[in-house]
Amino acid sequence: MYRKHLTQSVLDTRSVCDRWLLINKTKLFSKYILRKSLHMTKRWETQSLCHLKSRGVVQLSGKDTPEFLQGLVTNNVKLLAENSPSVQYCMMLNVQGRVLYDLFVYNVMSAGMDPVTFHLDVDVSAVGDLIQIFKKYKLRKKVDISDVSDTYRIWSQFDTSEETTAKDSSSQNTTDTFRFEDPRVPTFADRIITAQDSLESGGDKLTEEDYRKHRYQWGIPEGISDLPSGKCLPLESNLDFMNGVNFQKGCYIGQELTARTFHTGVIRKRIVPVSLGKLEPVEPDTTVTIHEKSKNAGKLRNSQGKFGICLLRLEHIEEDLEIVSKNGVVVPLKAHIPKWWPSISS
C-alpha cells in the first residue's frame with residue numbers, strides 16, 4: 001500500500017519542492033521508527049475526563065471531500081479515507097507556510113456509508129473563519145461544509161499524575177462515541193468525539209485548566225492561544241514530531257517552505273515545555289532571556305500554573321532562563337526536552 005501511494009505521489013509531482021520526496025527517505029523512516037518505539041503504551045494509574053469546550057467541530061461531506069482536503073492540510077487525508085474509524089492530526093497553513101489552525105480530522109463513517117464524511121476538530125473561535133476558507137477553495141467540488149459544534153463534542157481522557165508516563169486505552173467505540181489514542185503523541189491521552197452530552201468515567205471530571213496544565217507538562221501546543229494564527233512555523237511547532245505532516249503526499253498550501261525546511265534539517269527553535277520557579281502572572285509572547293546575560297533565548301507561548309510552553313532556541317535549552325512577570329517580578333524558567341521526542345541530532 002505504501003509503495004502504491006509513494007509511486008502515485010511521484011507521478012503527480014508538478015512543483016520543484018515535490019522532487020525532494022526521496023532525498024531524505026532514510027532520515028524520515030528512522031524518525032518514524034523511533035517515534036513508534038517511544039509510543040508503546042501501558043496502563044494508567046488515574047484516568048480523568050475533560051470536556052474540551054474550546055474545540056468546535058466542522059463537518060465536510062461529499063464525494064470530493066478527501067481530494068478537497070488533501071490540497072489544504074499537511075497530512076495525507078486520502079489514507080484517512082481508507083480506514084474507519086480513524087483520526088489524523090494536521091495543520092492548515094497560509095501561502096507563506098505559517099500555521100493558520102491545528103486540526104484533528106476524524107473518519108467515523110460506518111462501512112458502506114455514503115457520501116464520504118469527515119469531522120474536523122478545531123479551536124472553537126476559528127470555526128467561522130475555517131468555514132469561510134473552505135468555501136473560498138471549494139469552487140465546484142462536491143463538498144458540503146457545516147458547523148456541527150452543537151451536535152458533536154470533543155473530550156480528552158488522560159492520567160492526572162505529573163509524570164509523563166504512558167497510558168492504556170481499553171474502552172470500545174459505540175455508535176455515537178469514538179475514542180482514539182491522541183494522534184500527536186499516543187501515550188499522552190485519548191481523544192474522544194461524541195454526540196452525547198456527557199461521558200462517564202471511573203476517574204474525575206476535570207477542567208480545561210487541568211487539561212492545559214497536562215499538555216504543557218508534555219510540551220504539546222493546541223489551539224490559537226498556543227499557536228497564534230499566521231505567526232507560527234509548523235516545524236518549530238513540532239508538527240513533524242507529532243505525526244502531523246506527510247512529506248510524500250504532494251502539494252498543499254504552504255508546502256514549499258515546510259518541505260525545504262525539513263530537507264535542509266535546520267530547525268533552530270522549537271516549542272518545549274518549561275516550568276516556572278514562581279507562581280507569578282506572565283503574559284503570552286513575553287521574551288525569555290538567559291540569566292545574567294539578558295540575551296534573548298525565545299518567547300513564552302503560554303502557561304498554566306507553574307507549567308508552560310516556550311518557543312526556545314535549542315542551543316539554550318540547558319541554560320538558566322528567566323522571564324519578567326506582569327508585576328515586574330523576575331521568574332526563573334527551566335526548560336527540558338520531552339521524553340516523547342525523537343532524536344534531534346543532525
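What share of the 346 residues of the protein count as buried? The answer is 51%, where buried means under 20% relative accessible area, exposed means over 50%, and partly exposed is in between (1.4 Å probe, protein chains only).

Before you start clicking, a word on what is on screen. This is a predicted model, so local features need pLDDT of at least 70, side-chain atom pairs count only at pLDDT 80 or more, and totals for chains, interfaces and linings use all residues. Residues are numbered from 1 along each chain as its sequence is written, and side-chain values use heavy atoms, with hydrogens and water left out.

**The whole chain**

Show everything as a cartoon. You have seven helices and 16 strands to look at; helices (H or I, at least four residues) and strands (E, at least two) are DSSP runs, numbered from the N terminus. Now switch on the surface: the accessible area is about 16600 Å², and 49% of that belongs to carbon and sulfur atoms. Those areas come from the Shrake-Rupley method with a 1.4 Å probe, and for residues only the protein chains shown count as cover. Contacts (heavy atoms within 4.5 Å) link distant parts of the chain: among those with a separation of 6 or more, 71% are between residues 24 or more positions apart.

**Helix H5**

Select residues 127-138. This is H5, with twelve residues, reaching 16 Å from its first C-alpha to its last, close to the 16 Å expected at 1.5 Å a residue. (The expected span is 1.5 Å times one less than the number of residues.) Turn on side chains for Val127, Leu130, Ile131, Ile133 and Phe134, which are buried. Look down the axis of H5: the buried residues fall within an arc of 160°, so they line one face of the helix. The arc is that of the directions from the helix axis to the C-beta atoms. As background, an α-helix has 3.6 residues a turn, so residues three or four places apart point the same way.

What covers the buried residues of H5? Bring up their neighbours, which include strand E2 (55-61), helix H3 (65-70) and strand E3 (86-93). Then step off the end of H5 to Leu139, where phi is positive, near 50°.

**Helix H7**

Next, select 255-264. In H7, the buried residues are Gln255, Thr258, Ala259, Phe262 and His263. They cover an arc of only 120° around the axis, which puts them on the same side of H7. Pause on His263, which counts as buried because its relative accessibility is 18%. Draw a distance from its C-alpha to that of Phe247, 16 residues away along the chain, and you get 9.7 Å. Just after H7 comes Gly265, with a positive phi of about 75°.

**A hairpin and its neighbour**

Move on to E12 (residues 287-290) and E13 (residues 296-304), which run antiparallel and are joined by three bridges. Two strands pair if DSSP finds at least two bridges between them. Click Thr287 and then Lys299, its bridge partner in E13. The two strands form a hairpin with five residues between them. In that turn, find Glu292: its phi is near 70°, positive in a residue other than glycine, and its relative accessibility of 71% makes it exposed.

E12 also has two bridges to E15 (residues 321-324), again running antiparallel. Here Thr289 stands opposite Glu322.

Back up a little to Asp285, in the loop between strand E11 (269-276) and E12. Its phi is positive too, near 75°, and Asp285 is exposed, with a relative accessible area of 53%. For context, most residues other than glycine have a negative phi, and most peptide bonds are trans.

**A five-strand sheet**

Which order do the strands of the open five-strand sheet take? Trace E8-E9-E7-E1-E10, with mixed pairing. At the edges sit E8 (177-181) and E10 (205-206), each pairing on one side only. E8 joins E9 (residues 190-194) through five bridges, and the two run antiparallel. Within this pair, Phe180 has Arg191 as its bridge partner.

**Last stops**

Zoom in on the peptide bond from Ser84 to Pro85: it is cis, with omega near 0°. Pro85 sits in the loop between helix H4 (77-81) and E3.

Finally, select Cys50, buried at 0% relative accessibility, and Cys310, also buried at 0%. The protein has zero disulfides, taking a disulfide as a pair of cysteine sulfur atoms within 2.5 Å.
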